[in-house]
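I am opening a fresh notebook page for this one. Here are the things I looked up, in the order I got curious about them.

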Amino acid sequence: MNITYLNASVVVLAFDHNPTLLHPYFLKNENIINENEELAEPPVCTPAFLIVKMQSGIVFMVEMNKFQVIDNNPPPALEASLTPEYAKRYIEKLPHVEYKAVGINFSCLLEIDQPEKKIKSQYLKHGPWNNDRMNPKAMGLRLVYNVYEAELRFSINSGTVGEKRGILIDANYHTRASEPHDLNQIIRIISLYPNRCGHFQESLYRILDKDNLS
């Protein structure tokens, strides 16, 4: 399968993040980011959120109830992304925030011809909703699984990224914290990132059925 990874991210939900703390000087001075990281553009700051974009493709975003580290240029080996390390470094500097959940997310594109036709033929059972009188042009699919210490939400749709067309796959591993004030628990959940990478890649072959999509 010809898969392009589009992004990977770690999202930490909390009852009260402070967007004003997210500043390039804070990220540098507190050693949250590596020394070679450089800004791609000036930060975007409003009372509700703050965004810092790095030239490497790493994006930091803080809203009142959400902190995100997004890698918009993920390496071919997803587990090598800096997103989990940067997320851990950031929250370690803010141990008194009441964290409540962690999301580990992946997005990719499977390049194939006629993705709408492939999705329909694989997932849509023939019936009155799918015949000569009523034949859908396209469809999307949402799957929810219970996996190790998380709820996994898979979405499958046809789409285009740049000049590439195919099947877009988004995966969200959502884990609620049993103890919101337990920073170690949040760090441990983020540390599951490499395991999530492996599970996501294995799941692609299972859910997409590589034999039918080749």
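How exposed is Glu-30, by relative accessibility? I looked it up, and Glu-30 counts as partly exposed, at 31% relative accessibility. A caution for myself before going on: this is a predicted model.

**Entry 1: the partner of Glu-30**

I checked what the Glu-30 side chain meets, and found a salt bridge with Lys-93 at 3.7 Å, N to O. The pair links distant parts of the chain, with the two positions 63 residues apart. I placed Lys-93 in the loop between H2 and E6, and Glu-30 in the loop between helix H1 (24-29) and strand E2 (44-45). Lys-93 is partly exposed too, at 39% relative accessibility.

**Entry 2: other salt bridges**

I get seven salt bridges for the structure, and I looked at two others in detail. Glu-151 pairs with Arg-153, where the closest N and O atoms are 2.9 Å apart. Glu-151 is partly exposed, with a relative accessible area of 30%, and Arg-153 also counts as partly exposed, at 30%.

The other one joins the side chains of Glu-202 and Arg-206, at 3.1 Å from N to O. These two are four residues apart in helix H5, so about one helical turn separates them. I note the general rule here: an α-helix has 3.6 residues a turn, so residues three or four places apart point the same way. On exposure, Glu-202 is partly exposed at 42%, while Arg-206 counts as exposed at 62%.

**Entry 3: a lysine without a bridge**

Which side chain of opposite charge is nearest to Lys-88? I found Glu-85, 4.1 Å away. Lys-88 is buried yet has no salt bridge, because a bridge needs the nitrogen within 4 Å of a carboxyl oxygen. Lys-88 lies in helix H2, residues 83-92. Leaving out residues up to four places away in sequence, I see Lys-88 touching Ile-187, Ile-190 and Ser-191.

**Entry 4: helix H4**

Two of those contacts, Ile-187 and Ile-190, are among the buried residues of H4, so I went there next. H4 runs over residues 183-190, and six of its eight residues are buried, so the helix is largely enclosed by the rest of the structure. The buried ones are Leu-183, Gln-185, Ile-186, Ile-187, Ile-189 and Ile-190. I listed what covers them, and the cover includes strand E1 (3-14), H2, strand E6 (99-111), strand E9 (164-176) and helix H5 (193-208). At the start of H4, I found a side-chain oxygen of Asp-182 within 3.2 Å of the backbone nitrogen of Asn-184.

**Entry 5: the nonpolar core**

Which members of the largest nonpolar core touch the most other members? Of its 56 residues, I get Phe-60, Tyr-90, Ile-91 and Phe-200. I followed Phe-200 outward, leaving aside neighbours within four places in sequence, and found it in contact with Tyr-5, Leu-78, Phe-106, Cys-108, Phe-154, Ile-169, Ala-171 and Tyr-173. As a general note, nonpolar side chains tend to be buried together in soluble globular proteins.

**Entry 6: the cysteines**

Cys-108 turned up in that contact list, and I wondered about disulfides. The structure holds zero of them. Why does Cys-108 not bond to Cys-197? The closest cysteine sulfur to that of Cys-108 is in Cys-197, 12 Å away, which is too far for a bond. Cys-108 is buried, with a relative accessible area of 0%, and Cys-197 is likewise buried at 0%.

**Entry 7: Leu-141**

Phe-154, also on the contact list of Phe-200, led me to Leu-141 in strand E7, residues 141-147. Leu-141 touches Tyr-123, Phe-154, Ser-155, Ile-156 and Asn-157, again without residues up to four places away. I also took one long distance: Leu-141 and Asn-18 are 35 Å apart, C-alpha to C-alpha, and 123 residues apart in sequence.

**Entry 8: positive phi**

Most residues other than glycine have a negative phi, and I noted two positive values. Asn-31 has phi near 60 degrees; it sits in the loop between H1 and E2 and is exposed, at 56% relative accessibility. Gln-114 has phi near 50 degrees. Gln-114 lies in the loop between E6 and helix H3 (115-123), and is exposed with a relative accessible area of 51%.

Note on methods:
Residues are numbered from 1 along each chain as its sequence is written. This is a predicted model: local features need pLDDT of at least 70, side-chain atom pairs count only at pLDDT 80 or more; totals for chains, interfaces and linings use all residues. Side-chain values use heavy atoms; hydrogens and water are left out. A nonpolar core is a set of buried Ala, Val, Leu, Ile, Met, Phe, Trp, Tyr and Cys residues joined through side-chain atoms within 4.5 Å. Buried means under 20% relative accessible area, exposed over 50%, partly exposed in between (1.4 Å probe, protein chains only). Contact means heavy atoms within 4.5 Å. A disulfide is a pair of cysteine sulfur atoms within 2.5 Å. Lys and Arg count as positive and Asp and Glu as negative; His and the chain ends are not counted. A polar contact is a pair of N or O atoms within 3.5 Å; within protein, one must be able to donate a hydrogen and the other to accept it, and residues adjacent in sequence count only if both atoms are side-chain atoms.
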